[in-house]
Amino acid sequence: MSSLQASMSTSMPQILLSKGSLALLLTSISFSLLVNIYVGLELGLRWASASGPQDVLTPDEIPFPVMVPEAVLKTAPSLNYPVSSDGDRNWTTLVPPLSSGFIYHPRTQQFYSVSLYHQLHCLNALRKYISRGPELRLDDEVVTHTGHCLDYLREALLCHSDTTLEPVHDIIVPPDDRKNTSQHTDKVAQGWNVLHRCKDWAVVRRYLEDNWRSWPPEHRDSK
């Protein structure tokens with residue numbers, strides 16, 4: 001060994017690590033790097049959020065202003081909401097008359113339509129179309145609105161995907177001149193007397209009625 005090599009070997013400390021110690025050291029270094037990267041990204045995101053607009057939210061990011069508790073609905077036929085024009089008043093009052101189903105959001109200070117009342121509006125529009133079909137002119141506006149309501153309600157039903165199970169009953173189907181040449185038994189689900197878990201629609205309506213009082217005067221006075 002040269003004198004230089006001998007000098008270095010005596011002046012530099014000798015570090016000896018076992019395989020276990022080396023693995024632990026590498027794990028610690030990797031974890032420290034990951035923590036530093038996460039903190040850097042988090043601070044960067046917070047800075048970007050703080051320096052950017054604070055109230056630019058899309059409708060799907062804006063929650064309903066109050067918590068709506070669960071409720072239970074037991075389905076049953078009703079004579080209060082017939083298809084005919086006799087039910088016009090009751091169908092109309094399903095939507096709060098002052099707000100027409102809109103709210104003024106206290107957080108964003110913008111107007112929004114509440115889907116529940118948009119859906120009831122569309123259901124009522126389809127009812128009118130069915131009951132007064134022969135009287136209505138099939139102009140572009142009627143056809144467009146009816147098509148919109150069908151699509152809107154279809155998507156709303158798919159979105160909620162109510163998986164409540166309904167009992168099935170056997171009924172006797174008499175023969176007819178079109179496709180059933182003989183009497184037979186068929187299975188049907190009427191859907192009555194079934195419990196469904198829902199959101200409490202009474203709480204939603206009360207909020208809309210209270211919220212209307214917070215509307216800017218120029219909008220409230222026009223109702």
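This talk describes a predicted model of one protein chain, from its overall make-up to a few single residues.

Good morning. I shall begin with the chain as a whole. The protein chain contains seven helices and six strands. Read from the N terminus, the order of these elements is α-α-β-α-β-β-α-α-β-β-β-α-α. The chain has 223 residues, and 17% of them count as buried. It exposes about 17700 Å², of which carbon and sulfur atoms supply 60%. Let us also consider contacts between residues at least 6 apart in sequence: 67% of these join residues at least 24 apart.

I turn now to the pockets. How much space lies in the largest pocket? The value is about 2500 Å³. Its lining is made up of 48 residues, and those nearest the centre of the pocket are Leu-116, Gln-119, Leu-120, His-160 and Trp-201. Several elements each supply at least two residues of this lining: the strands β1 (70-74), β3 (111-113) and β6 (195-199), together with the helices α4, α5 (140-160) and α6 (201-211). Which element gives the most to the lining of the largest pocket? That element is α5, with seven residues. When the lining residues of the largest pocket are sorted by class, 28 are nonpolar, eleven are polar and nine are charged.

The second largest pocket has a volume of about 250 Å³. Here 14 residues form the lining, and Thr-92, Val-95, Ser-100, Tyr-117 and His-121 are the ones nearest the centre. Two elements, α3 (88-92) and α4, give two or more residues to this lining. Helix α4 gives the most to the second largest pocket, with six residues. The classes in this lining are seven nonpolar, six polar and one charged. Please note that helix α4 appears in both accounts: it supplies at least two residues to the lining of the largest pocket, and it also contributes to the lining of the second largest pocket.

Let us look at one residue of that helix in detail. Gln-119 lies in helix α4, which covers residues 115-131. We have already met Gln-119 among the residues nearest the centre of the largest pocket. Is Gln-119 buried or exposed? Its relative accessibility is 19%, and therefore Gln-119 counts as buried, because buried means under 20%. Leaving aside residues up to four places away in sequence, Gln-119 touches Tyr-152, Leu-153 and Ala-156.

Helix α4 also takes part in a covalent link. Which two cysteines does a disulfide join? They are Cys-122 and Cys-149, with an S to S distance of 2.3 Å. The count of disulfides comes to one. This pair links distant parts of the chain, since Cys-122 is in helix α4 and Cys-149 is in helix α5, 27 residues apart. The angle about the S-S bond is -70°, and the link of Cys-122 and Cys-149 is left-handed. Both Cys-122 and Cys-149 are buried. Another cysteine, Cys-159, has a relative accessible area of 64%, so Cys-159 is exposed; the cut-off for exposed is over 50%.

I shall close with three residues in loops. The first topic is Ser-161, which is placed in the loop between α5 and β4. The phi of Ser-161 is near 40°, a positive value in a residue other than glycine. Why does Ser-161 count as partly exposed? The reason is its relative accessibility of 43%, because partly exposed residues fall between the cut-offs of 20% and 50%.

Asn-193 is found in the loop between β5 and β6. Although Asn-193 is not a glycine, it has a positive phi of about 60°. Asn-193 counts as exposed because its relative accessibility is 58%.

Finally, Pro-174 lies in the loop between β4 (169-173) and β5 (184-188). With a relative accessibility of 52%, Pro-174 therefore counts as exposed. Pro-174 and Thr-185 are eleven residues apart along the chain, and their C-alpha atoms are separated by 8.7 Å.

To summarise, helix α4 holds Gln-119, gives the most to the lining of the second largest pocket, and carries Cys-122, whose disulfide partner Cys-149 is in helix α5. Helix α5, in turn, gives the most to the lining of the largest pocket. Thank you for your attention.

Terms used:
Residues numbered from 1 in each chain as written. Predicted model: local features only at pLDDT ≥ 70, side-chain atom pairs only at ≥ 80, totals over all residues. Heavy atoms only, no water. Helix = DSSP H or I, 4+ residues; strand = E, 2+ residues; numbered from the N terminus. Buried < 20%, exposed > 50% of the residue type's maximum accessible area, 1.4 Å probe, protein only. Contact = heavy atoms within 4.5 Å. 1 Å grid on protein atoms, 1.4 Å probe; cavity = no way out; pocket = protein on both sides within 12 Å on 5 of 7 lines; lining within 4 Å. Points joined across faces, edges and corners; volume = space filled by probe spheres on them. Nonpolar A, V, L, I, M, F, W, Y, C, P; charged D, E, K, R; others polar. Areas by Shrake-Rupley, 256 points an atom, 1.4 Å probe, with all protein chains shown as cover. Disulfide = S-S within 2.5 Å.
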